[in-house]
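Good morning, colleagues. I should like to take you through the side-chain interactions of one protein structure. Please have the sequence and the coordinates open as we proceed.

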Amino acid sequence: MIGKRITYRTADGVRIPGTWRHAFIRNGPYFLTDLFIYADGLIDCWGLVTIEEFEEKLRSGWVATTLPDGAEASAHGLAHWKFSEPRSRLTPELLVAEVRDTIDQLNERPDSTGRCLSAVDAFLADRTEENRAAARVAFLAIPASRRRYALSDMDSKDWPLRVLVAGPGGRTYLPFDPPVSQEDYDRALTYFEERARWRTDRQAHVSADGPAAPHALAVHLYHSYPNKPVDDPGQLGLRNDYPAPITVGKVSYGSVAHAYWALSVAQPEVGITVATADTVAEARKIASGAPRREGWEQARTAVMTGLLRAKYDQHPELAEILVATDDATLIYDDVDSAFWGDNAGRGRNWAGRLLELVRSELQMRRTTISGL
């Protein structure tokens with residue numbers, strides 16, 4: 001959960017807010033480290049992963065929630081120790097639920113607690129057993145470690161919620177709670193009625209520019225070596241080395257990468273050889289052994305922008321795949337270039353950034369915006 005622990009990761013020149021919590025990584029021995037969670041849905045557990053990949057890290061035990069007796073652990077070289085009768089408060093399911101809540105919080109949208117309180121409001125407005133059951137399901141969907149904080153009331157904790165969703169004569173989720181009496185239920189109703197009056201009296205502050213836009217889940221375009229087109233390439237088709245032929249001027253190239261490397265060389269005859277290379281790897285190898293055009297380093301982003309525009313104008317089916325990424329951060333890996341690739345946050349990700357620019361241009365064409 002966020003609290004005051006705020007950090008950032010830079011992607012496409014944009015700071016993506018995040019937070020962190022402690023976790024154990026099992027890489028042979030156990031290491032106590034920090035798990036970084038970002039608003040665009042990426043989690044750093046010794047490498048940036050999506051939420052689905054994070055769940056797999058939990059299933060595999062890379063991120064550990066159980067600690068066997070006698071296991072060895074260390075913390076950033078500060079200390080090392082062996083566990084004796086360890087007890088963990090976490091399960092993989094609980095940790096994933098907390099991480100998902102944290103991503104919602106970083107985007108200022110309702111998390112499981114917010115969804116529960118909305119369901120409670122619906123029940124209080126229309127007190128049917130169906131609405132009570134929905135509120136109970138939403139309450140139990142809050143990670144067990146967070147339920148006591150749901151009302152932001154450290155005096156009452158979650159007692160009014162437990163009682164309200166259980167109803168008179170019902171049982172709460174805590175086994176030691178007695179059956180809910182009518183007196184306790186009436187007290188819980190009074191609590192929520194007073195809370196509603198307080199919320200009505202509080203003036204909500206709304207920014208003049210509207211609510212903050214949430215971060216869409218990032219799309220990671222991993223390094224690959226596609227040598228031939230396929231019927232349904234998916235996001236692989238967004239790679240610059242995907243074999244989608246383009247024509248620039250009177251010259252045809254096997255891919256954006258072929259065109260980029262062919263245009264980069266100073267000698268026209270070498271450019272022709274690069275353009276007709278069988279694979280991108282071969283095109284890059286030939287180009288890397290030849291002199292660059294004068295001023296290439298300063299012009300290359302503009303050249304790449306033009307090539308990407310040509311690709312998505314000439315391949316509408318790939319343009320649809322690009323537009324479908326909405327406004328997600330496009331993280332482009334390129335093991336050969338820290339300029340074009342993000343490369344685990346160590347590169348500049350210009351390939352991803354220019355894809356986002358071209359995507360925005362494609363999206364603009366589909367709107368009524370004009371005059372630009």
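Let me begin with the aromatic residues. One aromatic cluster is made up of Y260, W261, W296, F339, W340 and W350. Please keep in mind throughout that we are looking at a predicted model.

F339, a member of that cluster, also has a charged partner: the charged end of R300 is placed over its ring, 3.6 Å from the centre. A second arrangement of this kind involves K57, which lies over the face of W62 at 5.0 Å from the ring centre.

In total, the structure contains 13 aromatic pairs. In one of them, the ring centres of F24 and F83 are 5.6 Å apart; the planes meet at 75°, over the 60 degrees required, so the pair is classed as edge-to-face. This pair joins distant parts of the chain, with the two positions 59 residues apart in sequence numbering: F24 belongs to strand 2, residues 14-26, while F83 is in the loop between strand 8 (79-82) and helix 2 (92-106). Are these two residues buried or exposed? F24 has a relative accessible area of 16%, and because the limit for burial is 20%, F24 is buried. F83, at 12% relative accessibility, also counts as buried.

Another pair is formed by Y191 and F192, whose ring centres are 5.5 Å apart and whose planes stand at 80°, so this pair is edge-to-face as well. Y191 and F192 are both buried.

I turn now to the nonpolar cores. In soluble globular proteins, nonpolar side chains tend to be buried together. Here the largest nonpolar core comprises 40 residues, and those with the most contacts inside it are L308, Y312, L322 and L355. Which elements supply at least two residues each to this core? They are strand 9 (219-221), helix 7 (256-264), helix 8 (268-275), helix 9 (280-288), helix 10 (296-314), helix 11 (316-323), strand 12 (330-332) and helix 12 (350-365).

L322 illustrates the packing. When neighbours within four places in sequence are left aside, L322 is in contact with L238, Y312, L330, L355, V358, R359 and L362. Apart from this core lies another, of 22 residues, which includes V120, V165, V180 and L189.

Next, the charged pairs. A search of the whole structure yields 16 salt bridges. R162 takes part in one with D158, where the closest N and O atoms are 2.6 Å apart, and in one with D177, at 2.8 Å from N to O. The link between R162 and D177 spans distant parts of the chain: R162 is in helix 5 (residues 159-166), D177 is in the loop between helix 5 and helix 6 (182-201), and they are 15 residues apart. R162 and D158 are buried, and D177 is buried too.

A further salt bridge brings together the side chains of R239 and D241, at 3.5 Å from N to O, and both residues are buried. In addition, D104, R109 and R115 are joined into one network by salt bridges that share partners.

Finally, consider S60, found in helix 1, residues 51-60. Its relative accessible area is 53%, so S60 is exposed. The side chain of S60 reaches the backbone nitrogen of W62 at 3.4 Å, and W62 is the residue whose ring face lies under K57. From W350, S60 is separated by 290 residues in sequence and by 33 Å in space, C-alpha to C-alpha.

Note on methods
Residues numbered from 1 in each chain as written. Predicted model: local features only at pLDDT ≥ 70, side-chain atom pairs only at ≥ 80, totals over all residues. Heavy atoms only, no water. Phe/Tyr/Trp six-rings, centres within 6.5 Å; stacked < 30°, edge-to-face > 60°. Helix = DSSP H or I, 4+ residues; strand = E, 2+ residues; numbered from the N terminus. Buried < 20%, exposed > 50% of the residue type's maximum accessible area, 1.4 Å probe, protein only. Lys NZ or Arg CZ within 6 Å of the ring centre and 35° of its normal. Core = buried A, V, L, I, M, F, W, Y, C linked by side-chain atoms within 4.5 Å. Contact = heavy atoms within 4.5 Å. Salt bridge = Lys/Arg side-chain N within 4 Å of Asp/Glu carboxyl O. Polar contact = N/O pair within 3.5 Å; in protein donor to acceptor, adjacent residues only side chain to side chain.
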